[in-house]
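The exercises below are meant to be worked through with the model open beside the text. Try each task before reading its solution.

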Amino acid sequence: MNVIYLPDTQTAADELCARIGGKGQSLFKLYNAGLPVPLPVCIGTTGYELFVEENHLREKINLLLHRKDIKEMRWEEIWDISLRTQNLFQSGMYPEELHRAIREVVCRQFDGKPVVIRSSAPGEDGNTLSFAGLHESYVNVSGVDEILKKIKKVWASLWSDRAILYRQELGLEVASSTIAVVIQEFIEGESSGVVFSRSPLDATQLIIEAVYGLNQGLVNGDIEPDRWILDRNRQKPTQHRPPADRGYRFIRSASGGAQRQEIRPDLQALPPIQEEQVESVAALAIELEKFFATAQDVEWTIGNGRLYILQSRPVTAGIGEGEQSDKRSWYLSLNRSYDNLMQLWQSISGELLPAMDQDSSYLAGMVLDDLTDVALAEELKRRNAIHERWTSVYWNDFIPFAHGVRLFGEMYNDVVEPADPFEFVTLLTGQEMLSTDRNELLLACARMVCADDSLRSALEAGRVEEIDNEEFQQKLGQLKSRFSMAGPGTGEEESANALLAAMILQYGSLDLDPDIRQQTLQENVRRLESRFLGKAGEKLPVAPEELLEMARASYRLRDDDNIHIGRVAQEVERAKSHARRRIQSRGLSVTPESSVEELSQMLCGHVPLTTGVQRALAKNYDQAENRVRARQLQGQAASRGIARGNARVIAPGGELKDFKKGEVLVIDSIDPTMTFLAPLAAGIIERRGGMLIHGAIIAREYGIPCVTGVVNATSLINTGDFLTVDGYLGIVTVQRTQIS
Amino acid sequence: MPALEKEIQGKLLSLLDGQQLAVLSTQREGQPYSSLMAFAFTPDLANIVVATGKSTRKHQNLIQESRVSLLIDNRSNSENDFHAAMAATVIGKAESLAESERPVYEKLYLQRHPYLEKFLASPTTAFIKIRVSHYVLVYRFQEVMEYRISDECNLFT
C-alpha cells in the first residue's frame, strides 16, 4: 500500500487526486512544470486511514459527533467535540510501518531543514466552496518528532470546529472522509503576500497584497497589507493603497512557528515590495492562471531574492460568506489570533468595563421620584438604549474575548499533552471571581445569622427592612447593588429581600469552609501552573506567562461580564418597576412583561394595543410530555463527581428562593447573577451546552457534579424527580417516586 | 401530540417495523430465560404477538409468570452500532388471546411471517399476546426514553 508520494509518481491523475488531494496534486503539477515551488512530499490519505484504524478512532469520533443532533449544539459544544477529537489524535500511536516510512522520507528529503506542513483534502478542487482555513497548517517545523506530531494535528483538523460547523455542506462523514498531508521546505520570506489573478469583484483587475516577513499576519488578518490594483491586460499597477501603518511583521520563531516582530522605522516608510516585484508577482499569477486554465488565488513569498509559490487554488467564494441567515459566520469570527485577543483585552479592561460601570453607577444614583411622568418615560427609553448599546458591546467584544480561553486551551494541550483535554480549565479556576466573592458574602451573612437568633427570626418572618444590625444591612446592600442580586428581572425591593432572606437561611446550613476550599484549589492550580510554565519554555511563540494572564482575564470575564451588564439591566428594571407602580396607582393594569415602549406610552397617557398581559398568556413554556418520560439523558460531563437528589426545575424567570440545599438544580441556562444557587446544589443540569458556560464554571469552582447540554432538560425533568447526576460520563438518570 | 412524543413513537414504529425477531425474556423461580422469537405488533404499539410451541420452556415459564420483557434492536454487528444502533426494551404482560380477537392478530402475524403459517395453525402452538406497559428506547449510545402505553405503575418503581 503506497502512503508516501513524490512529484515523480507514476500514479494516474484521477487516483492521485483521491490519494493526495487537490492541493497536493496542483503542487506536483507546478513542480513538474519547473515552476518555483519548494519540493512537495505528500502523505497520502492511506496514512490517515491507517492511523485511524490503529487507534480505533472512527467509532470514537462517531460517538462524539452523534451524542446529540448537531442542530441542537451550541458553538461551544462543537468546539468541545473538536478539542476532544484533537486529543484522540494527539494521544494516538502511529502504526510502526507508517512511522518508519514518514521518518525515512522526512530525513531523506529535508535533512534537518525546517518544513511547512499543510492539509490537502481530496475533492477540494471540484468544489465551488473554498475549504481554505478549515484545516490546520504549520510553518517552520523542525525535527522529525515534531513533524510527526504536527502531521497528527493536521489529520485531527479534518474534525476542526469549523469543519464540523459546515459538516453538511462538506459531506463530512466519519466513514468516508479522509485527508492527505503536504510537506515542503520552509522558505523564510522577506516579503510575502497573496495575489488574485482576477479580482472576484472586477474581472479587468488583478489584485496583489503584500506584507513584510511571512504571510501569517496577512492570512489571519492581524497585519494590514499594502494593496496594489493592476490592470490585467497591461499588468501595470493602477493604484497602490498603503496600510495605515506598517508596524509589525511575522518572522520565524526560534521555538518553531512564527512570531510577531516590530519593523525597523526606516523600513516602515517603504512598501514591502518594489514596482518590479509587483510586476513579477502579477506575471506569475497570469502564468498560473494559464497553467490551470482558471483564475487563481496564489500565496507567494520572496526569500533569498527569489519568488516562490506557496499555494495556488482557484478563486472561489469563501465558506461562510454571504450567509446572513445563520449565525455560523459570527461563530467563525470568534476564532481570534493571540494579538487580536491582547488588543481586545486592553480595550475591555481599560475602557469598556470602566465605562459600563460608570454608566450603571450614574443610573443607580438617580432619584426617579423627582421625575415627571413624561421625563420618566424618556428616562426609561434612554436606559433601554444604554442597555442595548452595552448588549451589543457584549456580543462584539466580550464574547470574542472570552474565547481567549479556547486559544489557551489549544496551546496548553500542545505543550502539556494532558490525558484530559479540559485539564487547562482547572488552571484557570480558583481565581477571585465576582460570583465567588458574592457567595462568600452570603456565607458571611449566614454566619452572622447563625450566631444571632434575632437576625434569624427576622429573616424567617420576612422582616428584612426592620433589621437594625448595621453591619448586616451593609452586607445586604452590597449583595443588592454590587452583585445585582435583586431577583430575576423584577427590580422589586420586596422580592429582592425575600430572595436574600431565603438564600442566607439556606447558606446557614452549608458546611462549606471557604478557606479550605480556596487552599485546595490554589494547590492544584499552582501544580498545573508550574508544569505548564516548565514545559512551555521554548515551545511557544508567545510568552507563556502573558498567555496565561490573558487566558485568566478571559476566563474571569466570562463570568464577570454578565454581572457588570446585569447592573445596567437592573437599572432598566428599577425604572420599569417605578413606572409600573405609577401606572398601577391610576388603576391601570400592567405586568412585569410590559415592555419599555408600552410603559412609556402608558406614562404619557396612551393605552397600547398589545399588552404584556396578553403576551404573558401567549408564552408557552414546554410542558412535560405525557406518554414520554426520560429515563436517562445524555449531556456533557462538565464537572466531575456523582450526585443524587431531588430535582428543582427552574423555568425562565422562575422563583429562585424556593431552591433548597441538597436539591439538583435543573435549568435552561444559569446566568452568573444566579450562581449563588450553586453552593447549595447537590448537582447542576443545564440545557445549554459547553465546558465553559457559567454553570459549569461555578460547579467546578465548588466541586459540584454538573452535566450540561441536556436537550429538553427542563421539560423532561420535573421538580421532585429523583436524579442521579453522573459528572464523569455526562449522564442524568431520572427516577420517579410518584406516578401521576 | 407533543413533538417529542411523536419523535419517540416514530422511532419505535420504524424500529419494530424493521425487525423480524425479538428476544423474549421469561423467568422461572427467579431464573431468567431468553429466547429469539418472530413477532408482530399493532400500529398503536399497545400489543405484540408471538407464537411458541406449548411444550417449550418459555411457554411453561409464561404460564407461571406472565410478566415479560422483549428486546428489539437494529444492530448491524459492527462498531458503528455504538452510535447508530437503537434498542427497545419492552415491558409487558403475556395474555392468551380471546377467540374473537385471534383472526385479527393471526393476519397481523402472518403478514410479517407468511412462512410460519403451518406453525401457527398447529394445535401444539400457543399464540400469545403481550400487552405492552411501556417501551424503554435506547439510542445515541446512552439516551434512554420511556414511552408509556398504559397508565399502570412503572414496574421498576
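**Exercise 1. Describe the open sheet of five strands in chain A, its edges and the helix that packs on it.**

Solution. Begin with the strand order, which is 1-2-6-3-5 in chain A, with antiparallel pairing throughout this open sheet of five strands; strands here are DSSP runs of E with at least two residues, helices are runs of H or I with at least four residues, both are numbered from the N terminus, and two strands pair if DSSP finds at least two bridges between them. Next look at the edges: strand 1 (4-5) and strand 5 (138-141) of chain A each have a single partner strand, so one side of each is left without a neighbour in the sheet. Inside the sheet, strand 3 (residues 115-120) and strand 6 (residues 180-185) of chain A run antiparallel and are joined by six bridges, and S120(A) has A180(A) in strand 6 of chain A as its bridge partner. Finally add the helix: helix 5 of chain A packs on the sheet and touches strand 1, strand 2 (41-43), strand 3 and strand 6 of chain A, while its direction makes about 170° with that of strand 2 of chain A. Contact means that the C-beta atoms of two residues, placed from the backbone, lie within 7 Å.

The model is predicted, so local features need pLDDT of at least 70 and side-chain atom pairs count only at pLDDT 80 or more, whereas totals for chains, interfaces and linings use all residues. Residues are numbered from 1 along each chain as its sequence is written, and chains are lettered from A and ligands numbered from 1 in the order in which they are written.

**Exercise 2. Work out how helix 5 and helix 6 of chain A pack, and which residues make the contact.**

Solution. Start with the geometry: helix 5 (residues 96-110) and helix 6 (residues 144-156) of chain A pack at an angle of about 125°, with their axes 10 Å apart. The axes are lines fitted to C-alpha atoms, for helices over the stretch in contact, and angles run from 0 to 180 degrees between N-to-C directions. That angle makes helix 5 of chain A oblique to helix 6 of chain A, given that angles under 35 degrees count as roughly parallel, over 145 as roughly antiparallel, 65 to 115 as roughly perpendicular and the rest as oblique. The crossing of these two helices, helix 5 and helix 6 of chain A, is right-handed; a crossing is left-handed if the near helix is turned anticlockwise from the far one by less than a right angle, and right-handed if clockwise. Then list the residues: I102(A), R103(A), V106(A) and C107(A) come from helix 5 of chain A, and V144(A), I147(A), L148(A) and I151(A) from helix 6 of chain A. By class, this contact of helix 5 with helix 6 of chain A has seven nonpolar, no polar and one charged residues, where Ala, Val, Leu, Ile, Met, Phe, Trp, Tyr, Cys and Pro count as nonpolar, Asp, Glu, Lys and Arg as charged, and the others, Gly among them, as polar.

**Exercise 3. Compare how helix 13 of chain A packs against helix 14 and against helix 22 of chain A.**

Solution. Take helix 14 to begin with: the axes of helix 13 (residues 338-364) and helix 14 (residues 373-402) of chain A come within 11 Å and cross at roughly 160°, which makes helix 13 of chain A roughly antiparallel to helix 14 of chain A. Their crossing, that of helix 13 and helix 14 of chain A, is left-handed. Now turn to helix 22 (residues 544-584) of chain A, which packs with helix 13 of chain A at an angle of about 25°, with the axes 10 Å apart; helix 13 and helix 22 of chain A are therefore roughly parallel to each other, and their crossing is left-handed. Among the residues of helix 13 of chain A that meet helix 22 of chain A are L341(A), W345(A) and I348(A), and L341(A), W345(A) and I348(A) are also among those that meet helix 14 of chain A.

**Exercise 4. Find which strand of chain A gives the largest share of the side that touches chain B, and how it pairs.**

Solution. The contact takes 23 residues from chain A and 21 residues from chain B. Strand 16 of chain A gives the largest share of the side of chain A that touches chain B, namely seven residues. Strand 16 of chain A pairs in the antiparallel sense with strand 7 (residues 143-148) of chain B over four bridges, and V628(A) stands opposite Y147(B) in that strand of chain B.
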